[in-house]
Amino acid sequence: MNKLTATIVDVLSSGTLSQVSAECGGIVFSCVVLETPNSTPFLKEGAVIDLLFKETEVSIAVNFNGKISLRNQIPVTISRIEAHPVLSILTLQHPQFSITSIITSGSVKRLELYEGLEVTALIKANEISIMEHKSDV
């Protein structure tokens, strides 16, 4: 599970849904949650939260330059590829954090991925969960 600590910069709510924008390492992540500031008091600007998303929800784009509905587009460098027969584990490095992606080994070959390659990590807003950040004391 990927886990990044971020600071909420905006919350837009309608009914029982909220779109939360949170900044981590200079990147503003967008996520849609089934909570509102009324039901979850930590959903407020300035609150520190943890963003959680599965490795299998991180897609990879090479030379991405088009329009796409996915709002979470993170420029990263592949720092490690652990290849297996069916799936491969990619460690992706942003200057301020690192995340992991699990994609098919066929995609690694088709996209001609290699360590050191700059790519774009893509994550759908509804695939990111949030939780109140608990400081390590």
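Which residue in β9 is the bridge partner of Gln73? Select Gln73 and look across to β9: the partner is Leu122. Keep in mind on this tour that you are looking at a predicted model.

**Stop 1: the sheet around β6 and β9**

Now show β6 and β9 together. These two strands pair in the antiparallel sense, over six bridges. Widen the selection and you will find an open sheet of five strands, ordered β5-β9-β6-β7-β8, with antiparallel pairing. At the edges stand β5 (59-61) and β8; each has a single partner strand, so one side of each is left without a neighbour in the sheet. If you turn the view, note that neighbouring strands of this sheet are rotated by 45° against each other on average, direction ignored.

**Stop 2: Pro75**

Next, pick Pro75, which belongs to strand β6 (residues 72-83). Put a distance label between its C-alpha atom and that of Val119: the separation is 6.0 Å, although their positions lie 44 residues apart along the chain. Beyond its neighbours within four places in sequence, Pro75 is in contact with Ile27, His94 and Val119.

**Stop 3: Thr120**

Move on to Thr120 in strand β9. Is Thr120 buried or exposed? With a relative accessible area of 14%, Thr120 is buried, because the cut-off for that label is under 20%. Display what surrounds Thr120: setting aside residues up to four places away in sequence, it touches Ser59, Ile60, Ala61, Phe64, Gln73 and Ile74.

**Stop 4: the aromatic pair**

How many aromatic pairs does a search of the whole structure find? The search gives one. Select Phe29 and Phe97 to see this tilted pair, with 6.0 Å centre to centre and 55° between the planes. The pair links distant parts of the chain, 68 residues apart: Phe29 sits in strand β3 (residues 27-33), and Phe97 in the loop between β7 (87-93) and β8 (98-104). Both Phe29 and Phe97 are buried.

**Stop 5: the nonpolar core**

Leave Phe29 selected and add Ile49, Leu51, Leu90, Leu92, Leu113 and Ile130. Of the 35 residues in the largest nonpolar core, these seven, Phe29 included, touch the most other members. To colour the core by element, start from those that give two or more residues to it: β1 (2-14), β2 (17-24), β3, β4 (48-53), β6, β7, β8 and β9 (118-123).

Finish by centring on Leu90. Not counting residues up to four places away in sequence, Leu90 touches Ile60, Ile78, Arg80, Ile81, Ile99, Thr100, Ser101, Ile103, Val108 and Leu113.

Conventions
Residues are numbered from 1 along each chain as its sequence is written. This is a predicted model: local features need pLDDT of at least 70, side-chain atom pairs count only at pLDDT 80 or more; totals for chains, interfaces and linings use all residues. Side-chain values use heavy atoms; hydrogens and water are left out. Helices (H or I, at least four residues) and strands (E, at least two) are DSSP runs, numbered from the N terminus. Contact means heavy atoms within 4.5 Å. Rings of Phe, Tyr and Trp (its six-membered ring) pair if their centres lie within 6.5 Å; planes under 30 degrees apart count as stacked, over 60 as edge-to-face and the rest as tilted. Buried means under 20% relative accessible area, exposed over 50%, partly exposed in between (1.4 Å probe, protein chains only). A nonpolar core is a set of buried Ala, Val, Leu, Ile, Met, Phe, Trp, Tyr and Cys residues joined through side-chain atoms within 4.5 Å. Two strands pair if DSSP finds at least two bridges between them. Axes are lines fitted to C-alpha atoms, for helices over the stretch in contact, and angles run from 0 to 180 degrees between N-to-C directions.
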